[in-house]
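This report goes through one protein chain, residue by residue where that helps. Please keep the sequence and the 3D view open while reading.

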Amino acid sequence: MRMYWIFYRSLLPINIAFSLGLAGITTTYMFLAAPIDSSFPFINTLLRLAIIYYITGGLIISIGYHEYYKKKMYSFYYNHALTKVKLFVSALLINSVIGTIILTIYSLCIAHLKLIA
C-alpha cells in the first residue's frame, strides 16, 4: 500500500498545477463571456472547477507526463511486483476518493455559508 501512495504523491504536483491552471483559464473565459450586469461567482467557480479538473483531467495529464518523461522510474515499482496497470488503477482510486471528499467538504461549506447569509 505504501508504494501506491508514493506513486500517487509523485503525480500530485503536476495534477495540482494543471488543475489550477486550466480552472483559471476556464473561469476567466467564463467571466469574460458573462454579461456585465451579472454577478458571476468567480472564486466559487474557480475552486469548483479546480477540484473537478483535479479528479479528472489532472490525473490523466500527470500519468501522461510520467509515461513520457519518467519511464525509468517504473523499474523501482517493478522491483516491488507492481505493474503500470496496478499503479494507474490505484492512483485513479486514491485520486477519486480524495477529490470526492474535498468536493463534498467544499459543497457543504458553501451550503452552510448560504444558510448563514
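## F7 in helix α1

F7 lies in helix α1. The model is predicted, and every value below is computed from it. In this model F7 has a relative accessible area of 0% and is buried, because buried means under 20%.

Leaving aside neighbours up to four places away in sequence, F7 touches M73, Y74, Y77, L87, F88 and A91. One of these contacts, L87, is 80 residues from F7 in sequence. In space, the C-alpha atoms of F7 and L87 are 7.1 Å apart.

## The nonpolar core

The largest nonpolar core has 17 residues. Those with the most contacts inside this core are F7, L11, Y77, L87 and A91. At least two core residues come from each of α1 (2-33), α2 (42-55), α3 (57-69), α4 (74-78) and α5 (84-116). The helix that gives the most to this core is α5, with five residues.

Three of the contacts of F7, namely Y77, L87 and A91, are also listed with F7 and L11 as the residues that have the most contacts inside the core.

## Aromatic pairs and the cluster around F7

The whole structure holds nine aromatic pairs. Among them is the pair of F7 and Y77, which is edge-to-face, with 5.5 Å from centre to centre and 85° between the planes. This pair links distant parts of the chain, since F7 is in helix α1 and Y77 is in helix α4, 70 residues apart. Y77 is buried, with a relative accessible area of 2%.

F7 also pairs with F88, and here the arrangement is tilted: the centres are 6.2 Å apart and the planes are at 40°. Again distant parts of the chain are linked, with F7 in helix α1 and F88 in helix α5, 81 residues apart. F88 has a relative accessibility of 22%, so this residue counts as partly exposed. One aromatic cluster is formed by F7, Y74, F76, Y77 and F88.

## A salt bridge between α3 and α5

How many salt bridges does the count come to? The count comes to one. The partners are K84 and E67, and their closest N and O atoms are 3.3 Å apart. K84 lies in helix α5 and E67 in helix α3, so the salt bridge ties together parts that are 17 residues apart in sequence.

Are the two partners buried, partly exposed or exposed? K84 counts as partly exposed, because its relative accessibility is 26%. E67 is partly exposed as well, with a relative accessibility of 26%.

## A tyrosine patch on the surface

Y65, Y68 and Y69 make a nonpolar surface patch of about 390 Å². Y69 is placed in helix α3, the helix that also holds E67 of the salt bridge. With a relative accessible area of 56%, Y69 is exposed, because exposed means over 50%. Y77, a tyrosine in helix α4, is by contrast buried at 2%.

## The loop at A81

A81 lies in the loop between α4 and α5. What is the sign of phi at A81? Phi is positive there, about 65°, although A81 is not a glycine. This residue is exposed, with a relative accessible area of 57%.

## V89 and Y4

V89 lies in helix α5, the helix that also carries F88 and K84. V89 is partly exposed, because its relative accessible area of 43% falls between the limits of 20% and 50%.

V89 and Y4 are 85 residues apart in sequence. The distance between their C-alpha atoms is 9.6 Å.

Key:
Residues are numbered from 1 along each chain as its sequence is written. This is a predicted model: local features need pLDDT of at least 70, side-chain atom pairs count only at pLDDT 80 or more; totals for chains, interfaces and linings use all residues. Side-chain values use heavy atoms; hydrogens and water are left out. A nonpolar core is a set of buried Ala, Val, Leu, Ile, Met, Phe, Trp, Tyr and Cys residues joined through side-chain atoms within 4.5 Å. Buried means under 20% relative accessible area, exposed over 50%, partly exposed in between (1.4 Å probe, protein chains only). Helices (H or I, at least four residues) and strands (E, at least two) are DSSP runs, numbered from the N terminus. Contact means heavy atoms within 4.5 Å. Patches are made of residues with over 30% relative accessible area and no salt bridge: like charges are joined within 9 Å, nonpolar side chains (Val, Leu, Ile, Met, Phe, Trp, Tyr) within 5 Å. Accessible areas come from the Shrake-Rupley method with a 1.4 Å probe; for residues, only the protein chains shown count as cover. A salt bridge is a side-chain nitrogen of Lys or Arg within 4 Å of a carboxyl oxygen of Asp or Glu. Rings of Phe, Tyr and Trp (its six-membered ring) pair if their centres lie within 6.5 Å; planes under 30 degrees apart count as stacked, over 60 as edge-to-face and the rest as tilted.
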